[in-house]
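Student: I would like a close look at a single part of this structure, one where helices come together. Could you take me through that part slowly and then show me how the rest of the chain fits around it?

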Amino acid sequence: MVPNLNVRSNATPAPGRPEASKAVRRKLAILRGAAVEFRGRGYAATSVRDIARRTGMTPGNLYYYFRNKQEILYFCQDYSLEVLLREARRIRRRRVAPQEKVRALVHAQVLCMLDELHGSAGHIEFHAIPPKRLRRIIAKRDEYERMVRSVVAEGVRAGRFAPCDPKLVTLAILGAVNWTARWYRPGGGRPPEEIAGAFADYLVHGLLR
């Protein structure tokens, strides 16, 4: 449980300042509590009060960070996509074989979703985000998909992967990884690191010649 957070300001701190990372950590704590409630009650049946109670906060404290459930969903999507885009750019620059890049991409995405965000249902319920914000999320999702697809295409061109349609293969990979948020339960039989490794091994193996 997260202790009650008595916050005086709702302003978003400037990036790079200590209070910025502190605010993000608090938002992540709220998101993890919301993930538990969404899994147990379903998104539609979960109230802000339920989420506040789960995280050890009062509804008033929580409103300093999120005005409603839609903002929690938006934060889940936006935060995770920023993490994934940053990792994808770093991985694509590495001077390693394409299969190692795909392995690293899958591993990073699984850990982001299951370890950092605790398998939040925000990955599944994103259509509840208001249209204007949803367009931003879709643009980032498309950018990430293109990065993964470019690595798959690189492997096909290099003869490391079996001939395939990189777009379809990328959608299959992302679909498998994204679905982990549906069945994952923190504290279950396998930790996120083990799941990430197993998924990476399995999905890369299916690409090899």
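Tutor: Accessible areas here come from the Shrake-Rupley method with a 1.4 Å probe. On that footing, the accessible surface of the chain in this predicted model comes to about 11,100 Å², and 52% of that surface belongs to carbon and sulfur atoms. Of the 209 residues in the chain, 46% are buried, where buried means under 20% relative accessible area. The secondary structure consists of 9 helices and 0 strands, so that a reading along the sequence gives the pattern α-α-α-α-α-α-α-α-α. Among contacts between residues at least 6 apart in sequence, 72% join residues that are at least 24 apart.

The part to look at closely is helix H6, which covers residues 131-157, together with the two helices described here as packing against H6, namely H5 and H7. Let us begin with helix H5, residues 98-116. The axes of H5 and H6 are 8 Å apart, and the two helices pack at an angle of about 150°. Because angles over 145 degrees count as roughly antiparallel, H5 is roughly antiparallel to H6, and the crossing of this pair is left-handed. On the H5 side the contact is made by Pro 98, Lys 101, Val 102, Leu 105 and Gln 109, while H6 contributes Tyr 144, Val 148, Val 151, Val 152, Glu 154 and Gly 155.

Now turn to helix H7, residues 166-178, which packs against H6 at an angle of about 120°, with the axes of the two helices 9 Å apart. H6 and H7 are therefore oblique to each other, and H6 passes H7 in a right-handed crossing. The H6 residues that make this contact are Tyr 144, Glu 145, Val 148, Arg 149, Val 152 and Ala 153, and they meet Pro 166, Lys 167, Val 169, Thr 170, Leu 171, Ile 173 and Leu 174 of H7. If you set the two contacts side by side, you will find Tyr 144, Val 148 and Val 152 of H6 in both of them.

Between H5 and H6 the chain runs through a loop, and Ala 128 has its place there. At 27% relative accessibility, Ala 128 counts as partly exposed. Leaving aside residues up to four places away in sequence, Ala 128 touches Tyr 43, Gln 70 and Leu 73. Its C-alpha atom is also 9.0 Å from that of Tyr 74, although Ala 128 and Tyr 74 are 54 residues apart in sequence.

Further along the chain, Pro 186 lies in the loop between helix H8 (180-183) and helix H9 (192-205), and Pro 186 is partly exposed, with a relative accessible area of 37%. Beyond residues up to four places away in sequence, Pro 186 touches Arg 39 and His 118. The C-alpha atoms of Pro 186 and Val 36 are separated by 9.1 Å, with their positions 150 residues apart along the chain.

Finally, a word on the cysteines, since the structure holds 0 disulfides. Cys 112 is in no disulfide, and the nearest cysteine sulfur, that of Cys 76, is 8.3 Å away, whereas a disulfide would need the two sulfur atoms within 2.5 Å. Cys 112 counts as buried because its relative accessibility is 4%, while Cys 164, at 28% relative accessibility, counts as partly exposed.

Methods
Residues numbered from 1 in each chain as written. Predicted model: local features only at pLDDT ≥ 70, side-chain atom pairs only at ≥ 80, totals over all residues. Heavy atoms only, no water. Buried < 20%, exposed > 50% of the residue type's maximum accessible area, 1.4 Å probe, protein only. Helix = DSSP H or I, 4+ residues; strand = E, 2+ residues; numbered from the N terminus. Contact = heavy atoms within 4.5 Å. Axes fitted to C-alpha atoms, helices over the stretch in contact; angles between N-to-C directions. Parallel < 35°, antiparallel > 145°, perpendicular 65-115°, else oblique. Left-handed = near helix turned anticlockwise from the far one by under 90°.
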